[in-house]
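Q: I'm new to this structure and would like a close look at one part of it. Could you take me through the part that the UniProt record marks as a domain, along with what sits just before it?

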Amino acid sequence: MSGEDTARYNFLTQFDRAVDTLPGDGWLSTFRRDALTRFQDQGLPSQKDEDWKYTSLRPISQGRFALAKTAPSVSAEQVDNARVPELDAARLVFVNGRYQAELSDTAGLPDGVKLRSIAQAMEDDPEALQARLSRQSGLDYTPFTALNNAFVRDGALLEIAANVQCKTPIELLFISAPGDEAFVFHPRVLIQMNQGSEATVLEHHVGLDGAANFNNVVSEIALSAQSRLDHYLLQRQSSAGYHIGGVHVHQARDSHYVNHNVNLGGALVRHDINARLAEEGSEAILNGLYLVSDRQHVDNHTCVDHAAPHTNSDETYKGVLDGRGRAVFNGRVVVHKHAQKIDAGQKNDNLLLTKLAEVDTKPELEIYADDVACSHGATIGQLDPDALFYLRSRGVDEAKARDLLTYAFAESVIERMALAEVRDWLSALVVNRVSEEGRLADLEAMEE
């Protein structure tokens, strides 16, 4: 039996054993069955598929992950250590995919902001869930979206009413906690921004030490006219964590979407981020950073679909690769025939710190209009020897000079973030990653 057949058999068997315990009936039961049929037809992708050419799913297809049935106990102290410190945010906390009311806090959200767990919506308001579920991921969704649909049990449902500016950031904290065996869960995030609304959402995935998990998350975001969403996508799975994430964004007239995708952990990570600029005046900003070391593998696939004229997009991804780390970047920009007067820029820069680190980068422009401004580019390189010499000539030892230049390379992405608490916290994490021996402990004093 091939790896793909093994994966198909394992997930189908898992569904048969769990179906009686999955919540929902009626339309949701049909929805699950349809999704499973789609997965059965497709199976997991292999490296024969162009989009998965550089990423092997063998650890997942071998089926060593059992469906998470319960959530281990997690203390408030562990939550405090996992969340973004100093950030005054409303917060929903999930442990191994299950909502934890006692660890969550939604006080302070203004009228017009409705934030709840999907499990709660399944019980109290299934019509609202039905109206949102799988609307943005589309009919041609991936096998992982099909699995998420089949097994969906919990996650977050956020709705911002028209013309409501939510000044309080909202953190959706998904914690993977170690259990008796390796486990899989399929969280869902649904965000509806109504006309003229604004919000900042942190989708934050954290693996506690010892957690061996496969997290298959799907996020669907709908931006109505003149709305704005700042979306922080933070991933810090454990060294035994596997993370597959799909983000699907639909933008109406004059809407504004900003995505900050930061990957600092995980053994195997893949993000597919798709933004469809469906109406005039819409804009998407994609910023990404990945720090990859040891034998980590991080794969980012993005697609910005300019389906209307007078739309803008700007994308910057940077990667720092150490040890035997490996990364993949595939950024695609599509400009439809009638989408004139659009402006699209895309750039991917990579810094290799060792000879064994490896990156595959593939920027793509697919343009069918003739009055557009589009650019793309990719670089792969090492630390600049002239910059190293400059620092050493001013008394900085070589190890510290290398740390400083590496930090400066990554910091330029973090500087684009509007939330100061997130910016400062990520800067500290990056300092710790690039200078494990504390050589940049006096960085703040040096900057002053």
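What follows is a walk through that part, a few residues and elements at a time.

A: Bear in mind first that this is a predicted model. The UniProt entry, which is unreviewed, carries the annotation "domain: SUF system FeS cluster assembly SufBD core" for residues 182-409. That span is 60% strand and 9% helix, and the C-alpha atoms at its ends are 36 Å apart.

Let's begin inside the span with Gln 192, which belongs to strand E8 (residues 188-193). Its relative accessibility is 9%, and buried means under 20%, so Gln 192 counts as buried. Who are its neighbours? Setting aside residues within four places in sequence, Gln 192 is in contact with Arg 132, Leu 158, Glu 159, Ile 160, Ala 222 and Ser 224. Take Ala 222: 30 residues separate it from Gln 192 in sequence, yet their C-alpha atoms are 5.0 Å apart in space.

Three of those neighbours, Leu 158, Glu 159 and Ile 160, take us to strand E5, which covers residues 155-160. E5 runs antiparallel to strand E4, and five bridges join the two. One pairing to look for is Arg 116 with its bridge partner in E5, Leu 157. E4 itself covers residues 113-117, and four of its five residues are buried, so the rest of the structure largely encloses this strand.

Helix H7 (residues 143-151) is mostly covered too, with nine of its nine residues buried. Among them are Phe 144, Leu 147 and Phe 151, as well as Asn 148 and Asn 149.

Now back to the annotated span for Asn 259, which you'll find in strand E13 (residues 256-263). Is Asn 259 buried or exposed? With a relative accessibility of 0%, it counts as buried. Its side chain makes a polar contact with the side chain of Tyr 257, at 2.9 Å. The Asn 259 side chain also reaches the backbone nitrogen of Asn 261, this time at 3.5 Å. If you leave out residues up to four places away in sequence, Asn 259 touches His 231, Leu 233, Ile 273, Ile 285, Leu 286 and Asn 287.

A general point helps when you look at strands like these: in a regular strand, side chains alternate between the two faces of the sheet.

Terms used:
Residues are numbered from 1 along each chain as its sequence is written. This is a predicted model: local features need pLDDT of at least 70, side-chain atom pairs count only at pLDDT 80 or more; totals for chains, interfaces and linings use all residues. Side-chain values use heavy atoms; hydrogens and water are left out. Buried means under 20% relative accessible area, exposed over 50%, partly exposed in between (1.4 Å probe, protein chains only). Two strands pair if DSSP finds at least two bridges between them. UniProt positions are given in the numbering used here, feature names are shortened, and annotations may be inferred rather than shown by experiment. A polar contact is a pair of N or O atoms within 3.5 Å; within protein, one must be able to donate a hydrogen and the other to accept it, and residues adjacent in sequence count only if both atoms are side-chain atoms. Contact means heavy atoms within 4.5 Å.
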